[in-house]
Amino acid sequence: MACFGRIAFIFALVFFSLALVSNARHNPLHHSRHRQKFVSVKGSHFSLKRSPFLFNGFNSYWMMSVAADLNMRHQVTQVFRDASAAGMSVCRTWAFADGGSNALQLSPGNYDERVFQGLDFVISEAKRFNIYLILSFVNNYKDYGGRQQYVQWARNAGVQVKNDDDFYTHPVVKGYYRNHVQRVITRINTITKVAYKDDSTIMAWELMNEPRCDVDYSGRTVNGWVQEMASLVKSIDKKHLLTIGMEGFYGDTMPEKKQFNPGYQVGTDYISNHLIKEIDFATIHAYPDIWLANQNEAAQMAFMGRWMRSHHTDAKTILKKPLVIAEFGKSSKDPGFSLGSRDVYMGAVYKYIYRSARHGGTLGGSLVWQVLAQGMQQYGDGYEIVLSENPTTDSVISRQSHAMNALSHLG
């Protein structure tokens, strides 16, 4: 009888999940939660309207740049529609494009209003589809300008700078960044007429996408910068959550943890950086197929398991803050790639996150890299997922979305 009871329960749960998926697909704008409140942190968990907030989400870094072109905005809308239909509720995207073509910030303090209005559109569409946003202020890499562009701007102005890592320490370069943060947070949306700092559609700000520092592997240089800039953000905006944007590499705070790094350091310290009180939640990224490219898939999967377990344990016992797997995926460029292998990999990651959440762990959700709309091949990097063209992957994502949403309601 006990066995039969378990089978009946499992059947009922599966039926309920399928019903949720079907309902969402027939009405992608329908969500049971309301959007009037800001996502907050209570203890080591995300909270929304005094209930747990557990989510499944995605990255679409390109949204602002695409939305800057009025003729291409339908692609932003399509991704939000597809993601909402799959039950995803959080999107991470860039609030930067520094120098170069189609730039938001043409030069320090000089902005292209057309591109800023593209970001206005992204925020308004996210709100329409009941999707929260995590907005990043700058890139570590030269794509979309990044800290290299900030240092070059200073060099062009006659400032004596040595290398790109002066981004973290030189007062002129830091001033450029501080001004950008102020400009974005206080921006008044031309569509919604709401200041970004007052818009609950934004779940969190992110200081930088994947900060790294080659001149100081200890993590102390980045730590000083994070402390300064986190204090700045919170002085302007106390309503939104804040995260760093880290990959999760360990530094000198706990040297014994370096064994979990993929064989090298990048100048950050997962522990000390995230212990800064103004930082509300921790993040990790996970690309074992890149970091361990010379190893087989089984070894990469084993690394992924250790990577998630170690950071989850530290978030719960040391940081005492929520954890988000903010980037992960499987590339079609990987040797032996198949859609089936991607689905299995994503399913394994999702399973770990769900089990953590079900047992009260600090893992609040994940953001797969990356979701595109049809006809966006130019933004493909091997990791792209077009939900309408990949029904099995869409199904894996949908099941996770509704499982996490169901746990939120149980809480």
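**Note on aromatic pairs, helix packing and two arginines**

1. Apart from residues up to four places away in sequence, Arg92 touches Phe58, Asn59, Ser60, Tyr61, Ile134, Glu206, Asn209, His285, Ala326, Glu327, Leu367 and Trp369. The model under discussion is a predicted one. Arg92 belongs to strand 5, which covers residues 90-94. With a relative accessible area of 1%, Arg92 falls under the 20% limit and is therefore buried. Between Arg92 and Ser272, which are 180 residues apart along the chain, the C-alpha atoms are separated by 24 Å.

2. A second arginine, Arg155, is located in helix 5. Its relative accessible area is 34%, so Arg155 is classed as partly exposed. Once neighbours within four places in sequence are set aside, Arg155 is in contact with Val161 and Lys162. Arg155 and Thr317 are 162 residues apart in sequence, and their C-alpha atoms are 44 Å apart in space.

3. Which residues of helix 5 are buried? They are Gly146, Arg147, Gln149, Tyr150, Val151, Trp153 and Ala154. The buried residues of this helix pack against strand 6 (105-107) and against helix 6. Just after helix 5, Gly158 adopts a positive phi of about 90°.

4. The packing of helix 5 with helix 6 can be described further. Two packed helices are characterised by the angle between their axes and by the distance between the axes. Here the axes of helix 5 and helix 6 come within 9 Å and cross at roughly 120°. Helix 5 and helix 6 are therefore oblique to each other, and their crossing is right-handed. On the side of helix 5, the residues at the meeting point are Tyr150, Val151, Trp153 and Ala154; on the side of helix 6, they are Val172, Val173, Tyr176, Tyr177 and His180.

5. How many aromatic pairs does a search of the whole structure find? The search returns 32 aromatic pairs. One of them is formed by Phe167 and Tyr177, with an edge-to-face arrangement, 5.8 Å centre to centre and 80° between the planes. Phe167 lies in the loop between helix 5 (146-156) and helix 6 (171-185), while Tyr177 lies in helix 6, so this pair ties together parts that are 10 residues apart in sequence. Phe167 has 0% relative accessibility and so counts as buried. Tyr177 is likewise buried, with a relative accessible area of 0%.

6. Another pair, Phe303 and Trp307, is stacked, with 5.4 Å centre to centre and 25° between the planes. Both residues lie in helix 10 (residues 297-319), 4 residues apart, which is about one turn of the helix. In general, an α-helix has 3.6 residues a turn, so residues three or four places apart point the same way. Phe303 is buried, at a relative accessible area of 5%, and Trp307 also counts as buried, at 0% relative accessibility.

7. Phe167 and Tyr177 recur in an aromatic cluster, together with Phe137, Tyr150, Trp153, Tyr168, Trp205 and Trp225. Within this cluster, Tyr150 and Trp153 are also among the residues of helix 5 that meet helix 6.

8. Charged side chains over aromatic rings also deserve mention. Arg187 is placed over the face of Phe116, at 4.3 Å from the ring centre. Lys330 is placed over the face of Tyr345, at 5.8 Å from the ring centre.

Definitions and conventions:
Residues numbered from 1 in each chain as written. Predicted model: local features only at pLDDT ≥ 70, side-chain atom pairs only at ≥ 80, totals over all residues. Heavy atoms only, no water. Phe/Tyr/Trp six-rings, centres within 6.5 Å; stacked < 30°, edge-to-face > 60°. Helix = DSSP H or I, 4+ residues; strand = E, 2+ residues; numbered from the N terminus. Buried < 20%, exposed > 50% of the residue type's maximum accessible area, 1.4 Å probe, protein only. Lys NZ or Arg CZ within 6 Å of the ring centre and 35° of its normal. Axes fitted to C-alpha atoms, helices over the stretch in contact; angles between N-to-C directions. Parallel < 35°, antiparallel > 145°, perpendicular 65-115°, else oblique. Left-handed = near helix turned anticlockwise from the far one by under 90°. Contact = heavy atoms within 4.5 Å.
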